[in-house]
Amino acid sequence: GESSKPVAQESTGSSSSGSSSKKDGEFVASSASKSEGDSGSEVDGKGPWTLSSKRKVSVKEYNGALLVNIREYYVKDGKEMPGRKGIALNVDQWQKVFKNIEEINQKLGSKEEGQWSISRNRKASIREYSSKYMVDIREFYTKDGKEHPGSKGIMMPENQWAKFVQAASAINAMVVKLSKGEGE
């Protein structure tokens with residue numbers, strides 16, 4: 001069956017490291033579809049996408065609405081359960097976060113605080129918290145004419161945000177696919 005893969009033959013002469021990574025790439029591509037359930041690399045596939053040992057991002061329909069759920073989980077009776085820490089974004093809110101990822105990344109990299117509106121009462125922001133810069137996606141409420149952060153939300157340190165960014169294109173592809181309806 002090698003004659004049916006002319007692509008692999010073209011690049012064999014380039015360099016030994018190039019051809020070996022090509023084989024790895026083919027192996028990864030073929031195994032990615034089978035391993036959608038494990039906690040390995042979820043950059044392609046259906047998720048959930050792991051941010052840390054307790055935190056995951058999933059795309060699911062809930063009461064007829066498609067949601068991107070960024071949440072912390074806990075284990076109860078051997079089963080993983082969604083915790084209270086987290087936030088579920090509708091498609092519109094997700095698109096606003098997704099659209100601003102590069103700008104958020106740049107500001108985070110240069111340790112600048114910033115804020116991006118994702119709905120009337122929800123924001124993505126970079127804030128310094130115990131001398132680390134974090135990306136916070138949160139719902140706010142107004143009390144006495146002042147805006148206050150609510151309990152619905154999640155604060156991601158740089159390493160979790162980096163995993164979120166890595167998974168963002170796959171998350172977005174899933175959102176686009178499911179929001180169009182799987183019948184297409």
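## Exercises on helix packing and two loops

H3 passes H5 in a left-handed crossing. Keep that in view as you work through these exercises on a predicted model.

**Exercise 1. Find which pattern of helices and strands the chain follows.**

*Solution.* Start with the inventory: the chain holds 5 helices and 8 strands. Next, read along the sequence, and you get α-α-β-β-β-β-α-α-β-β-β-β-α. Finally, look at the chain as a whole: 35% of its 184 residues count as buried.

**Exercise 2. Describe how helix H3 and helix H5 meet, and which residues take part.**

*Solution.* First locate the two helices: H3 covers residues 91–99 and H5 covers residues 158–180. Their axes come within 11 Å and cross at roughly 145 degrees.

Now list the partners. From H3 come Val91, Trp94, Gln95, Val97 and Phe98. They meet Phe164, Ala168, Ser169, Ile171, Asn172, Val175 and Ser179 of H5. Then sort these residues by class: the contact has 8 nonpolar and 4 polar residues, and no charged ones.

**Exercise 3. Check whether the end-to-end distance of H5 agrees or disagrees with its number of residues.**

*Solution.* Count first: H5 has 23 residues. The expected span is 1.5 Å times one less than that number, which gives 33 Å for H5. Now compare: the end C-alpha atoms are 32 Å apart, so the two values agree.

Then look along the helix for a bend. H5 has a kink of about 45 degrees, centred on alanine 168. Ala168 is also one of the H5 residues that meet H3, and it is among the buried residues of H5. Others on that buried list include Gln160, Trp161, Phe164, Ile171, Asn172 and Val175.

**Exercise 4. Say where aspartate 77 lies, and whether it is buried or exposed.**

*Solution.* Begin with the backbone: the phi of aspartate 77 is near 50 degrees, a positive value in a residue that is not glycine. Next, place it in the chain: aspartate 77 sits in the loop between strand E3 (65–76) and strand E4 (79–90). Last, apply the cut-off: exposed means over 50% relative accessible area. Aspartate 77 has 74%, so it is exposed.

**Exercise 5. Do the same for serine 130: where does it lie, and is it buried or exposed?**

*Solution.* Serine 130 is not a glycine, yet its phi is positive, at about 40 degrees. This serine belongs to the loop between strand E6 (122–129) and strand E7 (132–143). Its relative accessible area is 56%, so serine 130 counts as exposed.

How values were computed:
Residues numbered from 1 in each chain as written. Predicted model: local features only at pLDDT ≥ 70, side-chain atom pairs only at ≥ 80, totals over all residues. Heavy atoms only, no water. Axes fitted to C-alpha atoms, helices over the stretch in contact; angles between N-to-C directions. Helix = DSSP H or I, 4+ residues; strand = E, 2+ residues; numbered from the N terminus. Left-handed = near helix turned anticlockwise from the far one by under 90°. Contact = heavy atoms within 4.5 Å. Nonpolar A, V, L, I, M, F, W, Y, C, P; charged D, E, K, R; others polar. Bend = angle between axes of the 7 residues up to and from the residue. Buried < 20%, exposed > 50% of the residue type's maximum accessible area, 1.4 Å probe, protein only.
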